[in-house]
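Me: Please take a close look at one part of this model for me. I would like the parallel sheet and whatever packs on it, then a brief look beyond.

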Amino acid sequence: MTAMTGAGALGRAAPDVFAAVRVVIVDDTEDLRELLRYALVRAGMEVVADAGDGEAGIEAVREHRPDVVLLDLSMPVMDGMTALPRIRELVPDARIIVFSGFGASQLTDRALANGADDYLQKGTSLSKILDRVREVLERPRRDQTAPVTPIGATGTGALAEPSDALTLAPYGVLQVGAERPHPVLWANPVAHSLLHHRAEPGTPLAQVTTELAGVVATHRLRREGTFDVEIGGHACQVAVRHAGASLYLYIESCIDEVGVLRTAIAATAHEVRGPVSVLAGLAETIRDAAEDGFLDGDHLSQMTAAIARQARILDSITADLLTTAQVQRGTLRMSLEAVDPRAVIDAAIADRGVDLATMEIEDPRYLRADPLRLEQMVTNLLGNAHKHGRAPVFVRVRASRDDPAMVSIDVEDSGDGVAPEFRDQLFREFSRGETAVPGTGLGLHVVRTLALAHGGAVSYAPAPGGGAMFTITLPAV
């Protein structure tokens with residue numbers, strides 16, 4: 001292979017930096033894992049294992065004892081923030097670099113406090129990732145026993161100038177001490193307005209708002225969570241995040257639709273960033289590899305397949321956004337015909353690349369459906385099972401138990417199921433539960449809307465094995 005020497009080119013690291021460096025990659029996107037593996041191996045490192053969730057990542061680290069761990073924070077089964085301190089215990093001398101699609105201002109300090117050496121936002125180019133790995137390997141490892149300064153505070157306890165992102169955020173941001181009585185440390189202008197300008201530094205939280213004080217008192221030991229709270233008679237959604245010796249409360253007013261829309265836009269941007277990052281990385285890799293002749297036919301085939309998969313994920317997100325807009329405008333149209341559900345489900349499983357998904361046909365009847373809309377519904381349920389459940393995933397086509405003229409499609413995962421307190425919100429627009437893998441909040445809402453437009457329905461029930469089971473019921477031909 002021809003050596004690459006251009007600035008920023010993949011694989012240009014000095015051999016004495018990357019030689020014999022052993023890496024474990026932990027990320028729930030298989031295409032991104034393969035892309036990182038390709039770039040790291042070209043740079044001279046050895047990728048000894050990869051994993052798709054925190055639990056599997058811990059086991060991979062336990063088995064291989066790597067020098068570097070690349071760790072995603074947002075994953076199913078166990079998120080990266082939970083896995084991080086356990087990985088640090090297993091490999092105290094390794095360098096751990098975490099990734100996230102969320103803004104660094106919210107998570108950097110928390111990741112560093114839990115044992116990370118560095119933080120990268122998803123969307124960073126592969127060449128910059130390699131540069132950062134090199135920098136982390138060359139500098140002395142951070143003393144993990146040293147106290148971590150929380151966002152907005154200096155080592156002496158005095159408040160530092162908060163970041164512009166938090167100060168100018170269109171939602172309330174309130175920083176309070178992690179210990180009782182949770183004194184206010186800092187508040188941005190929106191938080192001051194929502195709390196009627198009572199959030200002065202040093203004021204115990206209970207004197208500012210008893211509602212938020214109750215949430216913090218009940219949930220302060222949790223790493224993070226999102227809660228519906230009434231503040232001053234107005235409904236709000238509050239996200240609680242730990243940051244060293246303080247807590248951050250992100251307050252989104254639900255008094256009008258603007259707050260809901262802002263939250264939905266942020267969630268959708270996060271969903272889009274993942275596949276866009278992979279596509280950008282693939283383009284960078286193909287360009288650089290083609291220049292030095294490193295890219296053979298097999299690698300090119302794998303990368304083009306990954307491009308197609310990630311493009312379909314983006315198409316699924318935009319399809320949900322478009323469907324929601326069409327419903328709101330009253331322009332949703334259906335083209336009903338006799339459809340073989342087996343063919344649609346096979347295509348959806350192949351497109352999503354859902355691991356260990358199997359199909360069982362108990363009722364061979366065709367459905368009266370719009371084939372594209374049926375595929376959209378099945379794809380959304382498979383994506384939901386992949387994100388929030390656990391493999392294996394079972395898809396079953398059977399006769400409806402309530403109406404012999406209907407056919408039901410069950411999508412059942414092997415995860416933990418849906419918390420009872422969230423089940424009545426499952427199919428609401430922009431509704432998202434407490435999860436390490438957030439989404440747009442549109443997928444299940446779109447499934448329900450399309451099922452009703454077909455003259456059918458969608459429902460949720462706990463699966464016999466404890467996971468989640470979503471059922472679409474549609475008219476048979």
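Reply: Start at one pairing. Strand 4, residues 95–100, runs parallel to strand 5, and four bridges join the two. One of these strands holds a residue worth following: D118 is found in strand 5. Its bridge partner is I97.

Is D118 buried or exposed? D118 has a relative accessibility of 12%. The cut-off for buried is under 20%, so D118 counts as buried. Leaving out residues up to four places away in sequence, D118 touches I96, I97, V98, L112, R132, V136 and R139. I97, the bridge partner of D118, is thus among these contacts.

Now widen the view to the sheet. The model is a predicted one. Five strands form an open sheet, and the pairing is parallel. The strand order is 2-1-3-4-5. Strand 2 (46–51) and strand 5 (118–121) are the edges, each pairing on one side only. D118 therefore lies in an edge strand and still counts as buried. Direction ignored, neighbouring strands of this sheet are turned by 20 degrees against each other on average.

Next come the helices on the sheet. Helix 2, residues 30–42, packs on it and touches strand 1 (22–26), strand 2 and strand 3 (68–72). The direction of helix 2 makes about 170 degrees with that of strand 2. Helix 3, residues 54–64, also packs on the sheet. Helix 3 touches strand 1, strand 2 and strand 3. Its direction makes about 150 degrees with that of strand 2.

Helix 3 has a helix partner too. The axes of helix 3 and helix 4 (residues 80–90) come within 10 Å. They cross at roughly 5 degrees. Angles under 35 degrees count as roughly parallel, so helix 3 and helix 4 are roughly parallel to each other. From helix 3, the contact uses G54, I58, V61 and R62. From helix 4 come A83, R86, I87 and L90.

Beyond this sheet, look at strand 14, residues 393–399. Five of its seven residues are buried, leaving the strand mostly covered. Strand 14 pairs with strand 12 (residues 357–361) in the parallel sense, over five bridges. There, A357 stands opposite V393. Strand 14 also pairs with strand 15 (residues 406–412), but this pairing is antiparallel and has six bridges. R398 has S408 of strand 15 as its bridge partner. Six residues make the hairpin connection from strand 14 to strand 15.

One more helix pair is useful for comparison. Helix 14 (residues 371–388) and helix 15 (residues 443–453) pack at about 150 degrees, with axes 9 Å apart. Angles over 145 degrees count as roughly antiparallel, so helix 14 is roughly antiparallel to helix 15. Their crossing is left-handed. Helix 14 brings R373, Q376, M377, N380, L381 and N384 to the contact. Helix 15 meets them with G443, L444, V446, V447, L450 and A451.

Finally, the whole protein. There are 15 helices and 17 strands. Of its 477 residues, 50% count as buried. Among contacts between residues at least 6 apart in sequence, 63% join residues at least 24 apart. The accessible surface comes to about 21300 Å², and 54% of this belongs to carbon and sulfur atoms.

Terms used. Residues numbered from 1 in each chain as written. Predicted model: local features only at pLDDT ≥ 70, side-chain atom pairs only at ≥ 80, totals over all residues. Heavy atoms only, no water. Buried < 20%, exposed > 50% of the residue type's maximum accessible area, 1.4 Å probe, protein only. Contact = heavy atoms within 4.5 Å. Areas by Shrake-Rupley, 256 points an atom, 1.4 Å probe, with all protein chains shown as cover. Pairing = 2+ DSSP bridges. Axes fitted to C-alpha atoms, helices over the stretch in contact; angles between N-to-C directions. Parallel < 35°, antiparallel > 145°, perpendicular 65-115°, else oblique. Left-handed = near helix turned anticlockwise from the far one by under 90°.
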